[in-house]
Amino acid sequence: MKWCAFFSQTGSEIIELTNKLNKQPDFIITNNESVKKLDIYNKFNDRIIIIPKKPKEEDYFEAFSSLNINAKDTLITLHGYLRIIPESLCNNFKIINLHPGLITKYPELKGIDPQKKATVLKHSEIGCVLHKVIKEVDSGEILMANSTESTYDVDENIKLLRCISIELWTDYLNSSLRF
């Protein structure tokens, strides 16, 4: 199984995962046009494909074609990828997202900035879920979840959720990619 990781922000989660797993993604796709200034580019520049900031369906398929990515043998993971995946990709590829909001308990945390929402709403519990990506945002089948008590501080909660996210990804990728 090939592993293709997507990101929009810094890609730091991908770096942290590769260090923990001792395995690198086969391909990395980003819509961050400033990627050449980031640490991830220094580490993985030969594996990175840059797509437009607001990619269209054909941009994804063009990138996949250039990398020989096909639906049968590729797992796509989203790591802070801030774009909605086109329905055709959702229907044809195995795409997994980590959402840093405990949507199993608090469905109102779907969408952007769930860490801040959970803190503002004074949720006593925070967590992350790994889910399949479907056309509806943060609505696919939940594969794994984990949680902890809230600190009621946004920055501290973000740090806790980062640790949970790395644990969930590590467990999931170890079992899915069979390293």
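V120 is exposed in this predicted model. Its relative accessibility is 65%, and the cut-off for exposed is over 50%, so V120 falls in that class. The residue belongs to helix α5, which spans residues 114–120. Its C-alpha atom lies 8.3 Å from that of V154. The two positions are 34 residues apart in sequence. V154 is part of helix α6, residues 154–177.

Backbone geometry was examined next. Most residues other than glycine have a negative phi. K122 has a positive phi, near 60°. It sits in the loop that joins α5 to β6, the latter covering residues 125–132. K122 counts as exposed because its relative accessibility is 62%. Y152 also has a positive phi, in this case near 65°. Its place is the loop between β7 (142–149) and α6. Y152 has a relative accessibility of 46%, so it counts as partly exposed. A further positive phi, near 60°, occurs at N22, the residue that follows α1.

Helix α1 (residues 12–21) packs against helix α6. The two axes come within 10 Å and cross at roughly 55°. That angle lies between the roughly parallel range, under 35 degrees, and the roughly perpendicular range, 65 to 115, so the helices are oblique to each other. The crossing of α1 past α6 is right-handed. On the α1 side, the contact is formed by S12, E13, E16, L17, K20 and L21. On the α6 side, R162, S165, I166, W169, T170, L173 and N174 take part. Sorted by class, the contact comprises 5 nonpolar, 4 polar and 4 charged residues.

An α-helix has 3.6 residues a turn, so residues three or four places apart point the same way. Within α1, the buried residues are E13, I14, I15, L17, T18 and L21. Among the elements that cover them are β1, β2 (27–30), α2 (39–44) and α6. E13, L17 and L21 are buried and also belong to the contact with α6.

The aromatic residues were then considered. A pair of aromatic rings is described by the distance of the centres and the angle of the planes. The structure holds 5 aromatic pairs. One of them joins F6 and Y81, with 5.1 Å from centre to centre. Their planes are 85° apart, so the pair is edge-to-face, the cut-off being over 60 degrees. This pair connects distant parts of the chain, 75 residues apart. F6 is in strand β1 (residues 2–7), whereas Y81 is in the loop between β4 (74–78) and α4 (87–92). Both residues are buried. Ring pairs extend to a cluster made of F6, Y60, F61, F64, Y81 and F93.

F93, a member of that cluster, also has a spatial relation to N70. Their C-alpha atoms are separated by 7.8 Å. Along the chain, N70 and F93 are 23 residues apart. N70 lies in the loop between α3 (57–67) and β4. With a relative accessibility of 32%, N70 counts as partly exposed, because the value falls between the buried limit of 20% and the exposed limit of 50%.

Strand β1 contains K2 as well as F6. F6 is buried. K2 has a relative accessible area of 26% and is therefore partly exposed. Its C-alpha atom is 9.6 Å from that of K72. These two lysines are 70 residues apart along the chain. Leaving aside residues up to four places away in sequence, K2 touches D26, F27, N68, D73, T74, L75 and L177. Of these partners, F27 falls within β2 (27–30). T74 and L75 fall within β4 (74–78). L177 ends α6.

Notes
Residues are numbered from 1 along each chain as its sequence is written. This is a predicted model: local features need pLDDT of at least 70, side-chain atom pairs count only at pLDDT 80 or more; totals for chains, interfaces and linings use all residues. Side-chain values use heavy atoms; hydrogens and water are left out. Axes are lines fitted to C-alpha atoms, for helices over the stretch in contact, and angles run from 0 to 180 degrees between N-to-C directions. Helices (H or I, at least four residues) and strands (E, at least two) are DSSP runs, numbered from the N terminus. Angles under 35 degrees count as roughly parallel, over 145 as roughly antiparallel, 65 to 115 as roughly perpendicular and the rest as oblique. A crossing is left-handed if the near helix is turned anticlockwise from the far one by less than a right angle, and right-handed if clockwise. Contact means heavy atoms within 4.5 Å. Ala, Val, Leu, Ile, Met, Phe, Trp, Tyr, Cys and Pro count as nonpolar, Asp, Glu, Lys and Arg as charged, and the others, Gly among them, as polar. Rings of Phe, Tyr and Trp (its six-membered ring) pair if their centres lie within 6.5 Å; planes under 30 degrees apart count as stacked, over 60 as edge-to-face and the rest as tilted. Buried means under 20% relative accessible area, exposed over 50%, partly exposed in between (1.4 Å probe, protein chains only).
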